[in-house]
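Good morning, colleagues. I would like to take a few minutes to go through one structure with you, beginning with the sheet and ending with the aromatic side chains.

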Amino acid sequence: MTLYNEAVEAYFSRPVGEYAGDHEGQAGSIAAGTWIGLRAGVQEGCLTNVDFRAFACPQIIAVCHWLRDDLEGRQVKACQRFDRENVRQMFDIPFEKAGKLLILQDALARLLASIQAQAGLDKR
């Protein structure tokens, strides 16, 4: 019997990468039980070398892996939308942990804000 669904098991068991991108967004706190940092580079308007670091439960770490894969190579302008409910269902995250997805959403928003500010990209 496993404690988590297949998506969580698959993503949680993967190693994290280098965490070496030029832009960063962080949210949460270790003291509060969830901290997420996202890093990425930008080349020709697309995200590259997307990676993360997280202090979180296995489900949120699995979502971070999924998000890393989802963002890699995407146009920066196409990364604004994060559907928390869809992600919650995909990873079978209990309602009592669903608020942690807001922390990931905040980290993503801060990463994109950093990119837009430093790279001079249009926010639209």
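I shall describe the sheet, the helix that lies across it, the cysteines and the aromatic residues in turn.

Please keep in mind throughout that this is a predicted model.

Let me start with the sheet. It is open and consists of three strands, ordered S1-S2-S3, with antiparallel pairing. Which strands stand at the edges? They are S1, residues 23-29, and S3, residues 46-55; each has a single partner strand, so one side of each has no neighbour in the sheet. From one strand to the next, the twist averages 10 degrees. Between S1 and S2, the latter spanning residues 34-43, there are seven bridges, and these two strands run antiparallel. Within this part of the sheet, Ser29 stands opposite Thr34 of S2.

I turn now to helix H2. This helix lies across S2 and S3, and its direction makes an angle of about 175 degrees with S3. Leu71 belongs to H2, which covers residues 58-71. Is Leu71 buried or exposed? With a relative accessibility of 1%, Leu71 counts as buried. Leaving aside residues up to four places away in sequence, Leu71 touches Leu47, Val50, Cys79 and Leu108. The C-alpha atom of Leu71 is also 8.9 Å from that of Cys46, although 25 residues separate the two along the chain.

That brings us to the cysteines. How many disulfides does the model contain? The count is zero. A pair of cysteine sulfur atoms would have to lie within 2.5 Å to be counted. For Cys46, the closest cysteine sulfur is that of Cys79, at 8.6 Å, which is too far for a bond. Cys64 is likewise in no disulfide, its nearest cysteine sulfur being that of Cys57, 9.3 Å away. As to accessibility, Cys46 is buried at 16%, and Cys64 is buried at 0%.

Finally, the aromatic residues. The model has one aromatic pair. Trp66 and Phe91 form an edge-to-face arrangement, because their ring centres are 6.3 Å apart and their planes stand at 70 degrees, where over 60 is required. The pair connects distant parts of the chain: Trp66 lies in helix H2, while Phe91 lies in the loop between helix H3 (84-90) and helix H4 (100-119), 25 residues apart. Both Trp66 and Phe91 are buried. Elsewhere, the charged end of Arg88 sits over the ring of Phe95, at 3.9 Å from the ring centre.

Thank you for your attention.

Technical notes: Residues numbered from 1 in each chain as written. Predicted model: local features only at pLDDT ≥ 70, side-chain atom pairs only at ≥ 80, totals over all residues. Heavy atoms only, no water. Buried < 20%, exposed > 50% of the residue type's maximum accessible area, 1.4 Å probe, protein only. Helix = DSSP H or I, 4+ residues; strand = E, 2+ residues; numbered from the N terminus. Contact = heavy atoms within 4.5 Å. Pairing = 2+ DSSP bridges. Axes fitted to C-alpha atoms, helices over the stretch in contact; angles between N-to-C directions. Phe/Tyr/Trp six-rings, centres within 6.5 Å; stacked < 30°, edge-to-face > 60°. Lys NZ or Arg CZ within 6 Å of the ring centre and 35° of its normal.
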